[in-house]
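Me: Here is a structure that is new to me. Let us walk through parts of it together.

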Amino acid sequence: MASLFSKYEGLAGSLSAVVAAGGRNPFAVVIEKPLSSTVGVIEGRETLLFGTNNYLGLSQSEHAIKAAQAAAAACGVGTTGSRIANGTQSLHRQLERKIADFFRRRDAMVFSTGYQANLGMISALAGKDDYLLLDADSHASIYDGSRLSAAQVIRFRHNDPDDLYKRIKRLDAPDAAKLVVVEGIYSMTGNVAPVAEFAAVKKETGAYLLVDEAHSFGVLGEHGRGSAEAEGVEADVDFIVGTFSKSLGTVGGYCVSDHPELELVRLNCRPYMFTASLPPEVIAATSAALDEMQAHPELRTRLMENAARLHAGFVRLGLNASQRVSPVIAVTLETVEQAIPMWNRLLELGVYVNLSLPPATPDSRPLLRCSVMATHTAAQIDQALEIFRQAAEDCNVPLSAKETAV
Ligand code: PMP
């Protein structure tokens, strides 16, 4: 009889090769204790965290922790139900109002995760007679949303508005509804989308535009509203999707829009309807973290200064860092045989980053994906850079990348 697990044989082989090459499983790292937003205990050692999405350090916000404690004491620790049944408390509606007001939009939907926000919005918006146009480097939640929808899916070249335009024109379906989906900042590479150019294509072709600001919310734009704010094209974006799990340091997702039909989407959105809503303590912590983000715009300034410091350090070392400075900086290595030992050595020397291996990387080379926080000190960044230098030397990784224009 066939085994359900025969399809795992290839994966088992690849995983054992990765573990054999470095001595540990890079996908099973345990942070034994977070000591602050920037330092955690891993394998018994204090380790600098340069591989989280905690861009503003708010996962450790005192204000948010107190708000969570008070909400749990007042309302309990869970709702036990869906937003459309028994899972909406006043706190949920208050947070939706607050998020909508922050984005200056008509309304907001709050989901239990950012993953579900993409899954839900994309599948609920794009029906069988519609077209979905996705950036080729889209996050898994966007691809999964497209699989849950009945729409025809077309991929365009990453960050290429001209390719998008050509593909829409080639469809020769002027009357069909089209939804274009892009991300503000791409999570693996730190690439920033040319949102103004995408907005121009959207207007020219009559398509709708959804921007996933998961990594750019709280990071880009004068007020932290993301890439659309930074490029001055918020009015041309129909739907902004995002997550609380990165700059706000909690968990949950949202969609904001001016389209009044958002109220109806709530009743046609399976990842919103058929799952339990966020517990009161998460809602309260998220709301407090949003207050803190708004009260402290200097966090964003510090984040960008830290990103520039880390990026300049990589360039000085001769590592092949992402071209653009953003809080996500990918260091590209040429081979997996270099990347696995280098990642392990970094961890042994006290720096945690994310190892990303092909085929999960955009150009089939491995990446050490680094992320910066507003709360990193200059000394921590310099220490991390020194550890990168040492690890590269220990692993015979050549330090010869040419300086790239930033
Ligand atoms: N969109 C993007 C671009 C992401 O990178 C992620 C998470 N890595 C998500 C959505 C999903 O967010 P969450 O982890 O909060 O569910």
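Me: Which exposed residues does the face of H7 turned away from its buried side carry?
Reply: Some ground rules come before the answer. This is a predicted model: local features need pLDDT of at least 70, side-chain atom pairs count only at pLDDT 80 or more, and totals for chains, interfaces and linings use all residues. Numbering starts from 1 along each chain as its sequence is written. With buried meaning 20 or more other C-beta atoms within 10 Å of a residue's own, exposed 12 or fewer, and C-beta atoms placed from the backbone, the face of H7 away from its buried side carries Lys 203 and Glu 204.

Me: Why do the buried residues of H7 lie on the same side?
Reply: H7 is a helix (a DSSP run of H or I, at least four residues). It spans residues 195-205, and Val 195, Phe 198, Ala 199, Val 201 and Lys 202 are buried. They share a side of H7 because the directions from the helix axis to their C-beta atoms cover an arc of only 160°.

Me: Which residue with a positive phi follows H7?
Reply: Look just past the helix H7. The phi there is near 75°, and the residue is Gly 206.

Me: Which residue in S15 does Asn 354 stand opposite?
Reply: Strands here are DSSP runs of E, at least two residues; two of them pair if DSSP finds at least two bridges between them. Three bridges join S14 to S15 (residues 367-371), and the two run antiparallel. Opposite Asn 354 stands Arg 369.
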